[in-house]
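Hi everyone, thanks for having me. Today I'd like to walk you through some ring contacts, so let's bring the structure up on the screen.

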Amino acid sequence: MDIKIIRSNRKTICIESMLDGFIVPAPKRATDTEIEEFLNQHKRWIEKQNQRIEKHKEAISKIKPLTDDEILELKSKAEKLVLERAAYYAEIIGVEYERVTVRMQKKRWGSCSYNGNLSFNGLLALAPKDVLDSVVVHELCHIKVKNHSKKFYDEVLKVFPEYRECHKWLKDNGDTLLYLIRK
């Protein structure tokens, strides 16, 4: 298992799973012992992620990454879909957003800035329509509730009751989609 430690001006240690191993962002002041203790505390999660990654590697071995032209075409398709769905759900939720951008991201599916700017991963155009909608609703609900509290998820589920199933689909299949833009 490949673990890459990246020290920066952050305050806490965390861990992210990638298809080729793990990244551990850590504060510059964190000792090797502290990082090792953190990894030991999260050993079960790491093992579970390793199993998930191995499952995805099998699926990934059967597909090839998208070409630059295919990526541009997919991004264009995603922009149209996301703009349409954001306008539709913003009216239902009762929020207004500033700007919508679509990027071909390697980690995130969506984000909402404090000012209401929305960003979405263009790979969502390859996911089932409900999955794309669930991410759009999730980010739009952040305009009302800025965190992931129970109140936030109550807002999401009020508008999109199938949210949990769609979130699970992304968790189960997202790594395979993300592989399509890896070079």
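Let's begin with a charge and a ring: Lys146 sits over the face of Tyr114, 5.0 Å from the ring centre. Please keep in mind that what you see is a predicted model.

Now to rings that meet other rings. How many aromatic pairs does the structure hold? There are five aromatic pairs, and I'll show you two of them.

Here is one: Tyr89 and Phe160 pair up edge-to-face, with 6.2 Å from centre to centre and 75 degrees between the planes. Where do these two residues come from in the chain? Tyr89 belongs to helix H3, which covers residues 68-93, while Phe160 is in the loop between helix H5 (150-159) and helix H6 (163-179). They are 71 residues apart, and the pair links distant parts of the chain.

Are these two rings' residues buried or exposed? Tyr89 counts as buried because its relative accessibility is 8%, under the 20% cut-off. Phe160 is buried too, with a relative accessible area of 3%.

My other example is Phe152 with Tyr153, again an edge-to-face pair. The ring centres are 4.9 Å apart, and the planes make an angle of 80 degrees. Take a look at the accessibility here: Phe152 is buried, at 0%, whereas Tyr153 is partly exposed, with a relative accessible area of 26%.

Before I finish, let's go back to Tyr89 and Phe160. Which residues form one aromatic cluster with them? Tyr88 joins in, and Tyr88, Tyr89 and Phe160 make up one cluster. Thanks for listening!

Terms used
Residues are numbered from 1 along each chain as its sequence is written. This is a predicted model: local features need pLDDT of at least 70, side-chain atom pairs count only at pLDDT 80 or more; totals for chains, interfaces and linings use all residues. Side-chain values use heavy atoms; hydrogens and water are left out. Rings of Phe, Tyr and Trp (its six-membered ring) pair if their centres lie within 6.5 Å; planes under 30 degrees apart count as stacked, over 60 as edge-to-face and the rest as tilted. Helices (H or I, at least four residues) and strands (E, at least two) are DSSP runs, numbered from the N terminus. Buried means under 20% relative accessible area, exposed over 50%, partly exposed in between (1.4 Å probe, protein chains only). A charge sits over a ring if NZ of Lys or CZ of Arg is within 6 Å of the ring centre and within 35 degrees of the ring normal.
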